[in-house]
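Visitor: Please take a close look at a single helix and at the aromatic contacts around it. A formal account with explicit cut-offs would be welcome.

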Amino acid sequence: MQSFIQPLNVALPMLYGLALLGYSIYFTTGNPQFSIWAPKSLVIALAAHIFYFISRSNFQYFPITNSFDSLSMVAFSVALIHLIIEKTTGEGKMGVFFISIVFLFQVTASMFHVGDDQIHSLLTN
């Protein structure tokens, strides 16, 4: 599981960037094809983010041990809440604003990723 952390750390901003691109095109053009494509790419990004959290924790601690891990969790939470609201209301054009925040948070969290060797012993099981 530990071997997936670095590739996922690089892939997460790209996946959220892909979702942001889809939402941006849908917002500017109104093309209904992107109203289907953008949420699907967001679901893929959220699934990868869940796998990232599981890989990070290695079932020993919850991966919010520093401020950048917390920023990644906030990015995940905002994206998930947006997806739930989008599925409930059927309006996805606001996704460009929410997913841009998610993208910025995840880029920041991925740039300043802290390795597991710097985790305090009180935070582990």
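Guide: Buried means under 20% relative accessible area, exposed over 50%, and partly exposed in between, with a 1.4 Å probe and protein chains only. The model is predicted, so local features need pLDDT of at least 70 and side-chain atom pairs count only at pLDDT 80 or more, while totals for chains, interfaces and linings use all residues. Residues are numbered from 1 along each chain as its sequence is written, and side-chain values use heavy atoms, without hydrogens and water.

Helices are DSSP runs of H or I with at least four residues, numbered from the N terminus. Helix H4 comprises the 17 residues 95–111; at 1.5 Å a residue (times one less than the number of residues) the expected span is 24 Å, and the end C-alpha atoms are 23 Å apart, which agrees. In H4, Gly-95, Val-96, Ile-99, Val-102, Gln-106, Ala-109 and Ser-110 are buried. They cover an arc of only 155 degrees around the axis (taken from the directions to the C-beta atoms), which puts them on the same side of H4. The face turned away from that buried side carries the exposed residues Leu-104 and Met-111.

Phe-97 of helix H4 is partly exposed, at 43% relative accessibility, as is Phe-27, at 37%. Rings of Phe, Tyr and Trp (its six-membered ring) pair if their centres lie within 6.5 Å; planes under 30 degrees apart are stacked, over 60 edge-to-face, and the rest tilted. Five aromatic pairs result. Among them, Phe-27 and Phe-97 are edge-to-face, 5.4 Å centre to centre with 80 degrees between the planes. Phe-27 lies in helix H1 and Phe-97 in helix H4, so this pair ties together parts 70 residues apart in sequence.

How values were computed: Helices (H or I, at least four residues) and strands (E, at least two) are DSSP runs, numbered from the N terminus.
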